[in-house]
Amino acid sequence: MLLMDEPFGALDAQTRERLQEELVGIWKRTGTTIIFITHDIEEAVFLGQRVAVMSSRPGAIRKVIDIRLDRSAAGEEDIRAGQAFAAYRHQVWSLLRDRHSQTGHAGRVGQTREVASVA
């Protein structure tokens, strides 16, 4: 098992996407379980087979979403541009947005919302 905590956070967009694709390739070749922690919804959906959406405080898993994207053509076509990807992204965003609205902290500086992707 491999744990990665925001390893691509400080990279430019192109390098980040290239390394995300490389990580998917490594996972396919090795079958190693990777726990990938990120605050980036698109990154979680792209990399994850399951995405655990967490509450901010206290940190608890609100929901685990099974991600079923066809990654067989990864590298040849951009799965980020597909309808299925957009639907998963919206589902995660809605869970985060819904929680944020319910807490009454809209616009509060320092509010942290976390997304953890488990592949």
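1. Let's start where helix 1 begins. In this predicted model, a side-chain oxygen of Asp-12 comes to within 3.2 Å of the backbone nitrogen of Gln-14, at the start of helix 1. Just past the other end comes Gly-31, which follows helix 1 and has a positive phi, near 70°.

2. Now a quick check on length. Helix 1 covers residues 13-30, so its 18 residues should span 26 Å at 1.5 Å a residue, and the end C-alpha atoms are indeed 26 Å apart.

3. Which residues of helix 1 are buried? They are Gln-20, Leu-23, Val-24 and Gly-25. These buried residues pack against strand 1 (2-5), strand 2 (34-38) and helix 2 (41-47).

4. Next, the charged side chains. Side chains of opposite charge can pair when their charged atoms come close. Within helix 1, Arg-18 and Glu-22 sit four residues apart, about one turn of the helix, and their side chains form a salt bridge at 3.9 Å, N to O. Arg-18 counts as partly exposed because its relative accessibility is 49%, and Glu-22 does too at 31%.

5. Have a look at Arg-80 as well. Its side chain meets Glu-21 in a salt bridge (3.7 Å, N to O). Glu-21 is in helix 1 and Arg-80 is in the loop between strand 4 and helix 3, so this pair ties together parts 59 residues apart in sequence. Arg-80 also forms a salt bridge with Glu-17, with the closest N and O atoms 3.8 Å apart; those two are 63 residues apart. Is Arg-80 buried or exposed? Arg-80 counts as buried, because its relative accessibility is 16%, under the 20% cut-off.

6. Put together, Glu-17, Glu-21, Asp-78 and Arg-80 are linked in a salt-bridge network.

Technical notes:
Residues are numbered from 1 along each chain as its sequence is written. This is a predicted model: local features need pLDDT of at least 70, side-chain atom pairs count only at pLDDT 80 or more; totals for chains, interfaces and linings use all residues. Side-chain values use heavy atoms; hydrogens and water are left out. The expected span of a helix is 1.5 Å times one less than its number of residues. Buried means under 20% relative accessible area, exposed over 50%, partly exposed in between (1.4 Å probe, protein chains only). Contact means heavy atoms within 4.5 Å. A polar contact is a pair of N or O atoms within 3.5 Å; within protein, one must be able to donate a hydrogen and the other to accept it, and residues adjacent in sequence count only if both atoms are side-chain atoms. A salt bridge is a side-chain nitrogen of Lys or Arg within 4 Å of a carboxyl oxygen of Asp or Glu.
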